[in-house]
Amino acid sequence: ETSYAVVDNVMLGTLAKGGQPGFVVINGRNTLPLGWQAFQPQSGTTHYSRLQLDECREHGYDALMTYNAMQFGSDFQMLMHLDRAHERGVKVIVDVHSVSDAEVVHRVNVVKDHPALFGYYLADEPELVPETTPEMLISAYTALRSADPDPNHPVLSAYALPLASAE
């Protein structure tokens, strides 16, 4: 029987391989990113301003998450966002949750070779969405990894409830 704990272990399998617990191995180095999830695009735009990215770095953050990749509209806008982050030494966790497997593959193919890419955010509290099944998460993870098998791009997810209670 599949459970969220199994899905979590599959998705987090790229974390800390050969590294210290709690760290992510990126390009062969143990990395402990300091990230900011609540970072939103500049009002009225679909991208982060240079000022926002400078503020991110000024406060010691070296990673941020694009909570909803679809907010960027086009592939060009997403790549422009990644370019701006890269100019400032900020890595980006690209959110691909709540889209079809085909859209996951498309978004991954757009960003997978960008130097600002940290990894992917695949699931956001799936145990709170009754129609989300472990099989759906495994399918999305498999689609993502078929497009980007690079272990230097970890796949992340968030759970609101302890895994033991998500049955």
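**A walk around His153**

The side chains of His153 and Asp148 meet in a polar contact of 2.6 Å. A polar contact is a pair of N or O atoms within 3.5 Å; within protein, one must be able to donate a hydrogen and the other to accept it, and residues adjacent in sequence count only if both atoms are side-chain atoms. This is a predicted model, in which local features need pLDDT of at least 70 and side-chain atom pairs count only at pLDDT 80 or more, while totals for chains, interfaces and linings use all residues. Residues are numbered from 1 along each chain as its sequence is written, and side-chain values use heavy atoms, with hydrogens and water left out.

Before looking closer at this spot, let us take in the whole chain. Five helices and seven strands make up its secondary structure (DSSP runs numbered from the N terminus: helices are H or I, at least four residues; strands are E, at least two). Following the sequence, you meet these elements in the order α-β-β-β-α-β-α-β-α-β-α-β. The chain has 167 residues, and 41% of them count as buried (under 20% relative accessible area; exposed is over 50%, and partly exposed lies in between, with a 1.4 Å probe and protein chains only). How much of the contact network comes from residues 24 or more positions apart? Such pairs account for 75% of the contacts in the chain with a separation of 6 or more, where contact means heavy atoms within 4.5 Å.

Now back to His153, which you can find in the loop between α5 and β7, the strand of residues 155-158. Is His153 buried or exposed? It counts as buried because its relative accessible area is 8%. Setting aside neighbours within four places in sequence, His153 is in contact with Lys112, Leu117, Phe118, Gly119, Tyr120, Arg145 and Asp148.

Lys112, one of those partners, makes a good next stop. Lys112 sits in the loop between α4 and β6. Its relative accessible area is 24%, so Lys112 is partly exposed. The side chain of Lys112 is joined to that of Asn109 by a polar contact of 3.1 Å. Beyond the neighbours within four places in sequence, Lys112 touches Leu117, Tyr120, Ala147, Asp148 and His153. Leu117, Tyr120 and Asp148 therefore appear among the contacts of both Lys112 and His153. Lys112 and Asp150 are 38 residues apart along the chain, and their C-alpha atoms are separated by 8.7 Å.

From here, step into helix α4 (residues 101-111), where Val104 has its place. Val104 is buried because its relative accessible area is 0%. Apart from neighbours within four places in sequence, Val104 is in contact with Val96, Val99, Ala140 and Leu144. Val104 can also be related to Arg145: the two are 41 residues apart in sequence, and 9.9 Å lie between their C-alpha atoms.

Our last stop is helix α5, which covers residues 134-147 and holds Ser146. Is Ser146 buried or exposed? Ser146 is exposed because its relative accessible area is 58%. A polar atom of the Ser146 side chain lies 2.6 Å from the backbone oxygen of Ala143. Ser146 also pairs up with a distant place in the sequence: Val105 is 41 residues away along the chain, with 8.0 Å from C-alpha to C-alpha.
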